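Work through the exercises below with the sequence and the model open. Each task is followed by its solution in steps.

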Amino acid sequence: MRLVFAGTPEVAVPALDALIASERHEVVAVVTRPDAPAGRGRRLIASPVAERAEEAGIEVLKPNRPRDEEFLARLREIGPDCCPVVAYGALLPKVALDIPARGWVNLHFSLLPAWRGAAPVQHAILAGDQITGASTFLIEEGLDSGPVYGTVTEEVRPTDTSGDLLTRLAFAGSGLLVATMDGIEDGTLQAVPQPADGVSLAPKLTVEDAQVDWAAPALRVDRVVRGCTPAPGAWTVFRGERLKLVAARPLPGEDGLAPGDLAVGKNHVHVGTGSHAVELLWVQPQGKKRMRAADWARGVRIAPGERLGAADVR
């Protein structure tokens with residue numbers, strides 16, 4: 001099939017690579033979000049998908065909105081058979097959905113109908129799911145509600161961050177997406193409507209969602225830190241400033257600390273929660289690079305009675 005691939009971030013690149021390498025299909029163009037400011041100089045930077053497509057000599061389309069008439073006219077000229085999508089980042093209007101003969105097929109990083117929305121991997125970790133996966137489905141106007149072509153499953157490991165899990169799903173899902181294109185092309189694959197039961201939503205996490213509540217059980221604190229890493233980044237407050245929590249681990253059996261209380265040793269930093277303590281492994285103070293929590297604690301010289309989680313943030 002002639003394919004137009006839609007995607008934007010790094011997590012979409014493995015699927016693009018797999019489709020480019022496919023002997024049965026041709027990626028004739030890529031749709032991605034417009035260049036965005038990044039870095040200290042706020043220079044406009046092309047998306048990872050745009051960079052990869054340009055390296056491969058593939059036409060890149062960067063509409064401000066996918067309903068822009070210039071973009072729609074070019075898509076009609078190209079005449080794709082199907083448009084595979086991975087983390088494109090914009091809603092597709094019906095006028096665009098109707099252009100490819102075999103529709104737009106999304107690779108979504110959950111086992112639908114669970115975790116429909118922008119942050120399925122983060123929510124799977126926050127919820128304590130032990131198994132997750134990826135699904136390919138035919139896009140319709142509802143939110144991730146279209147009929148499903150196929151799935152792959154993936155175990156959620158006890159130490160997985162959302163970044164770890166998303167990386168594995170990106171590679172496992174790339175094979176699923178190619179297999180889905182193959183099945184659509186040869187007529188062996190039919191999309192199956194999603195069940196009405198088991199629907200859950202996964203909206204994008206906000207900075208407020210990522211604030212650690214030390215009164216919560218240690219297991220919840222652990223999930224928030226892992227689920228919000230690398231983005232939006234779990235955080236707490238120390239001396240009125242945000243302290244990013246990069247890595248932590250529960251310490252079953254270690255108690256005696258009230259929520260937010262600190263116990264600092266030569267090589268460790270323990271924090272009390274609503275159940276047992278957690279150990280901070282890596283942190284990132286405001287305006288500084290990430291560092292080992294023990295090095296941070298030595299540098300700030302924590303005084304007796306100081307704690308994490310004060311309400312005021314400068």
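**Exercise 1.** Find which residues Q122 is in contact with, leaving aside its neighbours within four places in sequence.

Solution. Contact means heavy atoms within 4.5 Å. With that cut-off, Q122 touches S162, L205, G227 and A231, once neighbours within four places in sequence are set aside. The model is predicted: local features need pLDDT of at least 70, side-chain atom pairs count only at pLDDT 80 or more, and totals for chains, interfaces and linings use all residues. Residues are numbered from 1 along each chain as its sequence is written, and side-chain values use heavy atoms, with hydrogens and water left out.

**Exercise 2.** Place Q122 in the secondary structure and state whether it is buried or exposed.

Solution. Step one: Q122 lies in helix α5, residues 120-126; helices are DSSP runs (H or I, at least four residues), numbered from the N terminus. Step two: the relative accessible area of Q122 is 18%, so it is buried. Buried means under 20% relative accessible area, exposed over 50%, partly exposed in between (1.4 Å probe, protein chains only). Step three: 8.5 Å separates the C-alpha atoms of Q122 and T229, which are 107 residues apart along the chain.

**Exercise 3.** Determine how many disulfides the whole structure has.

Solution. A disulfide is a pair of cysteine sulfur atoms within 2.5 Å. The search of the whole structure returns zero. C82 is in none, and the nearest cysteine sulfur, that of C83, is 6.5 Å away. C82 counts as buried because its relative accessibility is 0%. C228 counts as buried too, at 1% relative accessibility.

Terms used. Helices (H or I, at least four residues) and strands (E, at least two) are DSSP runs, numbered from the N terminus.
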